[in-house]
Amino acid sequence: MTKTALVTGATSGIGKAMALLLSQNGFKVIVTGRRQDRLKQLADELDNNAYPLNFDIRDNKQVQKAINSLPEEWQQIDLLINNAGLAAGLEPLHENLIDDWEQMIDTNIKGLLYITKIVSQQMVDRKSGQIINVSSIAGKEAYGKGSVYCATKHAVEALTKAMRIDFNPYNIKVGSVSPGAVETEFSIVRLKDKDANKKVYAGYEPLTANDIAESVLFMATRPPHVNIADIFILPTAQASATVFNKKIN
Ligand code: NDP
Ligand code: 8X3
């Protein structure tokens with residue numbers, strides 16, 4: 001039977017790559033994000049196998065309205081991928097903008113919770129389903145100038161572990177994928193600089209969004225008795241959050 005995946009943050013980067021790869025591998029995909037034009041373009045690209053849902057994940061009312069608006073044939077969600085997220089700012093804590101804190105906490109933690117609550121309810125009722133949270137190396141290490149982003153991803157790690165326990169009686173698989181540096185729009189958003197990628201990824205080969213999508217596809221296609229709890233994936237040139245083998249002339 002065709003499975004339906006819901007990928008949050010599918011307008012760009014890792015989420016978009018996951019939506020494309022899952023679709024190529026037989027999943028129907030609900031794609032979400034704030035940028036309506038990109039959602040429409042992606043849904044067109046995926047033909048009839050995608051359904052666009054346009055909402056800001058920080059607003060629980062919008063999340064509820066969007067999920068409740070799904071047509072009948074899209075209502076059963078077998079796989080939820082909590083990918084929407086961001087880092088905002090890269091400064092020591094005392095220099096951070098409070099607005100950046102709010103945006104990261106509201107998106108990476110509260111947004112993930114809002115959509116998980118409504119989608120997990122149907123999985124609990126059916127006693128089946130899978131949830132994959134996109135964590136980060138920042139969920140495993142804390143680094144300077146990244147305090148609140150690291151805190152949000154540490155929260156994602158804690159939520160993943162607790163959700164696996166809460167949903168254990170209901171046959172729901174819960175796991176995470178935890179990437180190191182992936183070249184997407186992440187650094188452009190974080191540094192509020194359209195040329196950020198030229199600096200951040202200079203001198204080494206970062207991961208691509210598709211590298212992460214391949215790991216997620218693997219997790220999503222294991223047999224029923226296998227739950228991959230976490231895939232921690234780094235560029236070969238990256239040894240920790242701050243140690244890179246950079247070749248810069
Ligand atoms: P991108 O900036 O390319 O993509 C982020 C996605 O999140 C976009 O689709 C964006 O959609 C969506 N999003 C952000 N805020 C909201 C919101 N308020 N409501 C709905 N959607 C939102 O970055 P990545 O693809 O790199 O990031 C995806 C995930 O991967 C994030 O959780 C990030 O923390 C994590 N990650 C990234 C790494 C990296 O090095 N790139 C490494 C480890 C983890 P839109 O703007 O249209 O709303
Ligand atoms: C993104 C990777 O190292 O910028 O989660 O925190 S890092």
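This is a short tour of a predicted model, taking in its two ligands, two of its helices and a couple of buried residues.

**Ligand 1**

Let's start with ligand 1, which has 29 residues around it. The closest of them are Thr11, Ser12, Arg34, Tyr149 and Thr184. Several backbone atoms come within reach of it too. A polar backbone atom of Ile57 sits 3.0 Å from a nitrogen atom of ligand 1. On the oxygen side, one oxygen atom of the ligand is 2.9 Å from a polar backbone atom of Val182, and there is also a distance of 3.5 Å between an oxygen atom of ligand 1 and a polar backbone atom of Gly85. How much of ligand 1 does the protein cover? On its own the ligand has 880 Å² of accessible area, and the protein covers 96% of that. Two elements give two or more residues to the shell around ligand 1: helix 1 and helix 5 (147-166).

**Thr184, a closer look**

Thr184 was listed among the residues closest to ligand 1, and you'll find it in the loop that runs between strand 6 (172-179) and helix 6 (186-191). Is Thr184 buried or exposed? Its relative accessible area is 15%, which is under the 20% cut-off, so Thr184 counts as buried. Setting aside neighbours within four places in sequence, Thr184 is in contact with Gly13, Ile14, Asn197, Tyr201 and Ala209.

**Ligand 2**

Now for the other ligand. Around ligand 2 you'll see Ser136, Ile137, Ala138, Tyr143, Tyr149, Phe186 and Arg190. Tyr149 is worth spotting here, since that residue was also named among the closest to ligand 1. Three side chains put a polar atom by an oxygen atom of ligand 2, and here are the distances:

| Side chain | Distance to an oxygen atom of ligand 2 |
|---|---|
| Ser136 | 2.5 Å |
| Tyr143 | 2.5 Å |
| Arg190 | 3.3 Å |

Taken alone, ligand 2 exposes 240 Å², and the protein buries 83% of that.

**Helix 4 and Ile118**

Next up is helix 4, residues 98-126. This helix has 29 residues and spans 41 Å from its first C-alpha to its last, close to the expected 42 Å. Where does helix 4 kink? The kink is centred on Lys110 and amounts to about 35°. Just after the helix comes Lys127, with a positive phi near 55°.

Ile118 is part of helix 4 as well. With a relative accessible area of 18%, again under the 20% cut-off, Ile118 is therefore buried. Apart from neighbours within four places in sequence, its contacts are Val63, Gln64, Ile67 and Asn68. To place Ile118 against another point in the chain, try Pro223: the two are 105 residues apart in sequence, and their C-alpha atoms are 25 Å apart in space.

**Helix 8**

Last stop: helix 8, which covers residues 209-220. Its twelve residues reach 17 Å from first C-alpha to last, close to the 16 Å expected. Which residues of helix 8 are buried? They are Ala209, Ile212, Ala213, Ser215, Val216, Leu217, Met219 and Ala220. Ala209 has come up before, as one of the contacts of Thr184. The cover over the buried residues of helix 8 includes helix 1 (13-24), along with strand 4 (79-82), strand 5 (129-134), strand 6 and strand 7 (230-233). Helix 1 ties back to the start of the tour, as it also gives two or more residues to the shell around ligand 1.

Key. Residues numbered from 1 in each chain as written. Chains lettered and ligands numbered in written order. Predicted model: local features only at pLDDT ≥ 70, side-chain atom pairs only at ≥ 80, totals over all residues. Heavy atoms only, no water. Helix = DSSP H or I, 4+ residues; strand = E, 2+ residues; numbered from the N terminus. Buried < 20%, exposed > 50% of the residue type's maximum accessible area, 1.4 Å probe, protein only. Contact = heavy atoms within 4.5 Å. Expected span 1.5 Å × (residues − 1). Bend = angle between axes of the 7 residues up to and from the residue. Near = heavy atom within 4 Å. Polar contact = N/O pair within 3.5 Å; in protein donor to acceptor, adjacent residues only side chain to side chain. Areas by Shrake-Rupley, 256 points an atom, 1.4 Å probe, with all protein chains shown as cover.
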